[in-house]
Amino acid sequence: MKVRLEGGRLLDPRSGELFEANVAYDDVTGLIVAVGNDLGEADEVVTLNGELVLPGFVDLHVHLRDPGFTAKETLATGLQAAAAGGFTQVACMPNTNPPTDQPAIVRDIIARGRDAKKADVHPIACITVGQAGNELTDFEALKAAGAVALSDDGKGVQHGARMLEAMERAKAALLPVVIHSEDETLSLDGVIHPDAAKRIGVKGLLPESEAAMIARDILLAERTGAHLHVCHVSTEQSVALIRWAKARGVRITAEVTPHHLLLTESIITHDDAVFKVNPPLQGERDRHACLEGFLDGTLDIIATDHAPHTREEKSRGIAKAPFGMVGIETVFPLLYTYLVAPGVVPLNRLVDAMTRRPTELFGLPGGIIRPGAPADLAIVRTDEERRIDPELFYSKGRNTPFANWHAAGWTVRTILRGRQIFEQGEERYE
Ligand code: DOR
Ligand code: ZN
């Protein structure tokens, strides 16, 4: 069946201009057939009212908690939340139980992810067995099972020579090494930025622990030629190091989260673990450096680090609660409203960093609207402002620091290979 979306606005990736055009796709082949104004016959016409028709969003960093931590999230709820956020492709982190260190676990996540009939899921496999930081996993076998990258996200590989060997083998396997950068001999058991920690009376997490590890891994990436992808960059020094490495020709890419672009440690005025995230919310200079790095391409993409936890876990206070914030349902509205609408970030840069650029980094499908490409689309309303109410999330996680913020730019419909995977107001998976 040929479907035509009429009355939407598309973004020209070259000029950055919005223009009115229709999009026709075939829901059998799942491909876009034509883009333009006079597209001929269609079996079904969907009439839009000036909504943005964007490529489906792509998030290279989410925690879906399944297997093992399904009280926090399941593949079904996490992938529905992703679709609700306009995402068609997500890559999920391996800190599950068991961790994703075996090909069978990779295959299981892909198979059950498909059953959810929501966004596509691409597992990131562990660098080390059990994420214990010692023995390396079988990269080739994990890749053959469908893993798109390698990471020990949540902690990171502390042992330098082990990381060197990991990069050598990842290079051979053609897999990106995705690093959670934290030198634990510096971060120790700190929980939030030292300034906020002083106010609240908890242990500070030294921000330098991030750049220290990035520096090591840049050197190892330069030596090995591996593709190094740096997760959730949060400090000024980290941005400077990545910029320097790029100028040297190191194969390095990086991501920044919505919370590190919009918040600083100054928001932590009382003991509420909703603000506890790793890396922590940092200072204003850091936030500003991340924004600059994002604008000049040093930080290539937006990733949410969607990290759902239960209400009970997050009620334990900053010292004891787990690190993490949810983000996949609110990332586009927040960045659209607070960075694009005020003119800080061009719409084109935001969309590119959530679509084409991430597909390029991990070799994923989608990310572009043109004839012959998969019909992976996010249809977004920019004229309707809503208050963020965590109780309405499709994710099981309610742990957002953005509750009660107002934002526009909500996804009303998400399409994956020509099939609708989300429509505003649909029922929630259990
Ligand atoms: O805040 C975080 N939460 N940072 C991480 O590195 C891990 C994640 C999680 O798994 O909850
Ligand atoms: Zn993470």
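**Loop geometry, zinc site and ligand shell in a predicted model**

In this predicted model, P67 is found in the loop between β6 and α1, the latter helix spanning residues 75–84. The peptide bond that leads into P67 from D66 is cis, with omega near 15°. A cis peptide bond also joins N278 and P279, where omega is about 0°, and P279 lies in the loop that runs between α9 (258–262) and α10 (284–295). A further backbone feature concerns K117, a residue other than glycine whose phi takes a positive value near 55°; K117 is placed in the loop between α2 (103–115) and β8 (120–125).

The zinc ion (ligand 2) is coordinated through NE2 of H61, NE2 of H63, and OD atoms of D153 and D305, at 2.0 to 2.2 Å. Along the chain, these donors follow the spacing H-x1-H-x89-D-x151-D. Because H61 lies in strand β6 (residues 57–62) whereas D153 belongs to the loop between β9 (149–151) and α4 (160–173), this pair ties together parts of the chain that are 92 residues apart in sequence. Angles among the 4 donor atoms range from 84 to 170°, and the site of the zinc ion is irregular. For reference, the ideal angle for four tetrahedral donors at a metal is 109.5 degrees.

Ligand 1 is surrounded by 13 residues, of which the closest are R65, N95, H180, N278 and F323. The residues of this shell divide into 3 nonpolar, 7 polar and 3 charged. H63, which is also one of the zinc donors, has an N or O atom in its side chain at 3.4 Å from an oxygen atom of ligand 1. Backbone atoms take part as well: a polar backbone atom of N278, the residue joined to P279 by a cis peptide bond, is 2.8 Å from a nitrogen atom of ligand 1, while a polar backbone atom of G324 is 3.2 Å from an oxygen atom of the ligand. Taken alone, ligand 1 exposes 290 Å², and the protein buries 94% of that area.

With regard to annotation, an unreviewed UniProt entry lists residues 50–237 as "domain: Dihydroorotase catalytic". Over residues 50–237 the chain is 39% helix and 16% strand, and the C-alpha atoms at the two ends are 42 Å apart.

Key: Residues are numbered from 1 along each chain as its sequence is written. Chains are lettered from A and ligands numbered from 1 in the order in which they are written. This is a predicted model: local features need pLDDT of at least 70, side-chain atom pairs count only at pLDDT 80 or more; totals for chains, interfaces and linings use all residues. Side-chain values use heavy atoms; hydrogens and water are left out. UniProt positions are given in the numbering used here, feature names are shortened, and annotations may be inferred rather than shown by experiment. Helices (H or I, at least four residues) and strands (E, at least two) are DSSP runs, numbered from the N terminus. A residue is near a molecule or strand if one of its heavy atoms lies within 4 Å of it. A polar contact is a pair of N or O atoms within 3.5 Å; within protein, one must be able to donate a hydrogen and the other to accept it, and residues adjacent in sequence count only if both atoms are side-chain atoms. Accessible areas come from the Shrake-Rupley method with a 1.4 Å probe; for residues, only the protein chains shown count as cover. Ala, Val, Leu, Ile, Met, Phe, Trp, Tyr, Cys and Pro count as nonpolar, Asp, Glu, Lys and Arg as charged, and the others, Gly among them, as polar. Donors are N, O and S atoms within 2.8 Å of the metal (3.2 Å for Na, K and Ca); water is not among the atoms, so sites may look incomplete. Four donors count as tetrahedral if all angles lie between 85 and 135 degrees; four count as square planar and six as octahedral if opposite donors are over 155 degrees apart and all others between 65 and 115; anything else is irregular.
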